[in-house]
Amino acid sequence: MKSEHHRHDISDRAWELLKNHLPGQKGKRGGQARDNRQFINAVIWILRTGAPWRDLPPDYGDWKNTHRRFCRWRDRGVWEKLFKLFVQDPDFEWLMIDASYIKVHPHAAGAVGGNQAMGRTKGGSTRRYTLQ
């Protein structure tokens with residue numbers, strides 16, 4: 001796998017905590033997964049880069065099969081189970097707080113000819129509904 005992809009991969013510590021809780025293990029009901037770690041790393045790559053599934057690097061496998069498997073796990077509640085598992089032991093390395101603030105110009109907010117319509121709601125003027 002290319003080195004630029006490795007920075008998104010899960011750590012060995014996280015993998016040790018995770019691997020026994022994944023479907024597709026030998027000796028468990030259902031089919032045996034080819035490589036759960038590669039699949040988890042592919043999903044994390046998609047989530048961390050924000051790229052569409054079609055842009056998944058081929059090193060992680062076929063994007064269609066990865067997306068299909070992601071959806072199957074979603075439908076079966078596997079992701080929710082894993083998230084609940086890791087909430088017990090949070091890893092603050094992955095924590096990110098977004099404090100973006102974007103002010104919209106009145107024209108971009110849909111006001112016609114300026115900001116005269118900015119104080120109106122579907123029910124009329126907002127001034128009627130405030131206490132004076």
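**Entry 1: a word I need first**

Buried means under 20% relative accessible area, exposed means over 50%, and partly exposed is what falls in between. I'm keeping that at the top of the page, and I'm also noting that this is a predicted model.

**Entry 2: the overall layout**

I started with the whole protein and found five helices and two strands. Reading along the sequence, I wrote down the pattern α-α-α-α-α-β-β. Then I looked up how much of the protein is covered: of its 132 residues, 29% are buried.

**Entry 3: helix α3**

Next I went to helix α3, which runs over residues 36–49 and has 14 residues. From its first C-alpha to its last it reaches 20 Å, close to the 20 Å expected at 1.5 Å a residue.

Is α3 mostly covered or mostly open? I'd call it mostly covered, since 10 of its 14 residues are buried. Which ones are they? My list reads N36, Q38, F39, I40, N41, A42, V43, I44, W45 and I46.

R37 isn't on that list of buried α3 residues. Its relative accessibility is 23%, so R37 counts as partly exposed, because the buried label needs a value under 20%.

**Entry 4: salt bridges**

A reminder to myself: side chains of opposite charge can pair when their charged atoms come close. How many salt bridges does the structure hold? I got four, and I wrote up three of them, as follows.

R37 came up again here, in a salt bridge with D12 whose closest N and O atoms are 2.7 Å apart. This pair links distant parts of the chain: D12 sits in helix α2 (residues 12–18) and R37 in helix α3, 25 residues apart. D12 has 55% relative accessibility, so I marked D12 as exposed.

Then I looked at E16 and K19, whose side chains meet in a salt bridge at 3.3 Å, N to O. E16 is partly exposed because its relative accessibility is 46%. K19 gets the label partly exposed too, with a relative accessible area of 29%.

Another salt bridge joins the side chains of K84 and E80, at 3.4 Å from N to O. Where do K84 and E80 lie? I found both in helix α5 (residues 78–87), four residues apart, which is about one turn of the helix. K84 is exposed, with a relative accessible area of 52%. E80 comes out at 47%, so E80 is partly exposed. I had to check the cut-off here: a residue has to be over 50% to be called exposed.

**Entry 5: a positive patch**

On the surface I looked up a positive patch, and its members are R54, K64, R68, R72 and R76. One of them, R76, is found in helix α4, which covers residues 63–76. Why does R76 count as exposed? Its relative accessibility is 57%, and the exposed label needs over 50%.

**Entry 6: H67**

I stayed in helix α4 for a moment, since H67 has its place there. H67 is partly exposed because its relative accessibility is 29%. How far is its C-alpha atom from that of L56? I noted 9.8 Å between the two C-alpha atoms, with H67 and L56 sitting 11 residues apart along the chain.

Technical notes:
Residues numbered from 1 in each chain as written. Predicted model: local features only at pLDDT ≥ 70, side-chain atom pairs only at ≥ 80, totals over all residues. Heavy atoms only, no water. Patch = residues over 30% accessible without salt bridge, like charges linked within 9 Å, V, L, I, M, F, W, Y side chains within 5 Å. Areas by Shrake-Rupley, 256 points an atom, 1.4 Å probe, with all protein chains shown as cover. Lys, Arg positive; Asp, Glu negative; His and termini not counted. Charge placed at Lys NZ, Arg CZ, Asp CG, Glu CD. Buried < 20%, exposed > 50% of the residue type's maximum accessible area, 1.4 Å probe, protein only. Expected span 1.5 Å × (residues − 1).
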